[in-house]
Amino acid sequence: MISFTLSLLALIAGYVFYGRFIERVFSPDDRMTPAIEKADGIDYIALPSWKIFMIQFLNIAGTGPIFGAIMGAKFGPVAYLWIVLGCIFAGATHDYLSGMLSVRNDGAGLPHLIGKYLGGTAKRCMLVFTVFLLIMVGTVFVYSPAEILHTIGGSSMMWIGIIFIYYVIAMMLPIDKIIGKIYPLFAFSLLFMAFALMVMLFVKMPAIPELWDGLDNMGMKTDPAWTDQIFPALFITIACGAISGFHATQSPLMARCIKSERMGRPIFYGAMITEGAVALIWATVSAYFFYGEPSPGYQLIEAARETGFHTSAPAVVNIICNDWLGVAGGILALLGVVAAPITSGDTAFRSARLIISEFAHIDQKSITRRLLISIPLFVISILMLYWQIENPDGFNIIWQYFGWANQALSVFTLWTITVFLVREHKPYIVTLIPALFMTTVCTTFLLVSRQAFNLPSGISYAAGGCVCMATAVWFAVWLKKQRSSTLNQNE
């Protein structure tokens with residue numbers, strides 16, 4: 001519990017000090033924001049700052065900091081270091097700068113920003129990649145809540161149909177009608193659940209591994225489809241609680257709603273720090289769950305061991321909340337594992353619609369034009385969902401590919417921000433180091449994962465290191481040319 005307490009305090013200090021430093025790097029000012037300048041009553045609507053924070057938190061969180069932290073608990077105390085350092089120096093920095101970059105570019109989506117700073121080819125590739133990732137998010141966040149609701153009553157297909165109907169309605173309506181009204185309530189539920197569990201942790205004071213007990217003090221082994229080595233699996237497994245490329249697809253939604261650039265740090269940087277705190281709490285709860293002596297009601301983990309660690313995450317949420325928090329905890333758990341993924345899926349589809357409309361220059365004031373883009377997205381999602389249901393391991397396969405694609409997207413976002421900082425003559429090192437690190441992580445995982453190339457770990461590590469060095473050299477060459485070009489222009 002000492003490691004947990006110190007980690008929580010470090011996150012708070014990170015927001016106060018490093019967050020302020022990152023804010024100064026960007027230098028927000030009093031210029032008119034897209035919410036005011038481009039107000040359209042649909043997607044560009046000025047909202048209160050507290051409401052934007054709650055929506056941003058729910059959009060980027062969903063069940064990510066819960067399920068990811070539960071799955072990452074097997075890596076032991078090293079998970080604390082990744083959550084804290086990753087969140088402060090990579091994730092929150094990534095979220096703040098990508099969100100503010102969208103604000104400065106009329107609320108532009110991620111592919112547009114990538115194209116502006118990395119070139120047209122990168123823009124076209126990332127347009128397809130980003131939209132496909134968002135469809136995957138919408139798909140995986142339909143099936144799991146439908147299965148949980150099925151245990152309450154009705155068939156899974158009935159609930160899938162209901163969720164899709166909700167998606168259509170939510171995507172067609174202005175952002176302040178459904179998202180602006182009910183999302184803050186769901187966000188409050190997630191935060192309250194995390195706070196209540198934190199209180200219970202300090203009441204129980206469980207004996208769990210500390211950082212000084214050894215960073216290789218790992219718990220249960222996981223599904224063989226995932227490598228059980230800390231590098232690179234930890235940095236893919238715990239994504240939303242440390243750094244997540246998906247966040248950069250969601251931030252433009254709120255970049256279209258903030259009334260002042262000075263709201264950026266509490267909304268973008270602050271929401272990510274809050275998500276890191278939630279991940280810390282669930283990692284600690286899971287450490288107690290998997291390292292401590294079993295107690296009544298915890299025997300479900302034995303079945304989870306046979307089917308794979310990650311499949312036990314929803315069970316852990318339900319067991320812990322019901323056992324520690326009673327009836328209220330059960331309700332909060334239901335909101336967490338049902339409402340949160342549905343809302344993340346909703347905003348994922350909305351982001352995909354806006355990205356496509358921006359690329360194709362299709363105005364979104366007309367509901368007919370919104371449907372023109374949305375229907376093909378839903379068709380692709382339904383086909384993917386059908387395959388997922390027919391394949392016994394479909395959900396796990398899609399989730400694993402989603403995990404890698406999510407972190408790969410963060411790589412492109414970090415490089416985009418780095419180029420922006422160089423061009424603006426700002427300290428680019430703040431994103432260069434995370435960009436190089438995540439490039440290495442994603443390359444290594446792609447090579448070593450059984451779902452991809454399944455190469456020996458030694459070869460994968462060497463190749464990942466070579467890619468890192470090659471990328472660093474490429475950047476150094478580009479930086480030299482950029483400085484020469486700037487010098488010539490000044491002369």
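How many residues does helix 5 have, and how far does it reach from its first C-alpha to its last? In this predicted model, helix 5 covers residues 78–104, which makes 27 residues, and it reaches 37 Å between those two C-alpha atoms, close to the 39 Å expected at 1.5 Å a residue. The chain around it has 18 helices and zero strands, and the points below take up helix 5, then the chain, then its nonpolar cores.

**Helix 5**
- Although the span of helix 5 is close to the expected value, the helix bends by about 55° at Cys87.
- Of the 27 residues of helix 5, 23 are buried, so this helix is largely enclosed by the rest of the structure.
- Just after helix 5 comes Asp106, a residue that takes a positive phi of about 60°.

**The chain as a whole**
- The chain has 491 residues, and buried residues make up 60% of them.
- When contacts between residues at least 6 apart in sequence are considered, 84% of them join residues at least 24 apart.
- The accessible surface of the chain comes to about 19,100 Å², and carbon and sulfur atoms account for 68% of that area.

**Nonpolar cores**
- The largest nonpolar core has 115 residues, and the members that touch the most other members are Phe4, Ile66, Leu197 and Trp282.
- Leaving aside residues up to four places away in sequence, Phe4 touches Tyr80, Met198, Leu201, Phe202, Leu280, Ile281 and Thr284.
- A second core, separate from the largest one, has 40 residues, among them Val137, Met171, Phe246 and Phe402.

Terms used: Residues numbered from 1 in each chain as written. Predicted model: local features only at pLDDT ≥ 70, side-chain atom pairs only at ≥ 80, totals over all residues. Heavy atoms only, no water. Helix = DSSP H or I, 4+ residues; strand = E, 2+ residues; numbered from the N terminus. Expected span 1.5 Å × (residues − 1). Bend = angle between axes of the 7 residues up to and from the residue. Buried < 20%, exposed > 50% of the residue type's maximum accessible area, 1.4 Å probe, protein only. Contact = heavy atoms within 4.5 Å. Areas by Shrake-Rupley, 256 points an atom, 1.4 Å probe, with all protein chains shown as cover. Core = buried A, V, L, I, M, F, W, Y, C linked by side-chain atoms within 4.5 Å.
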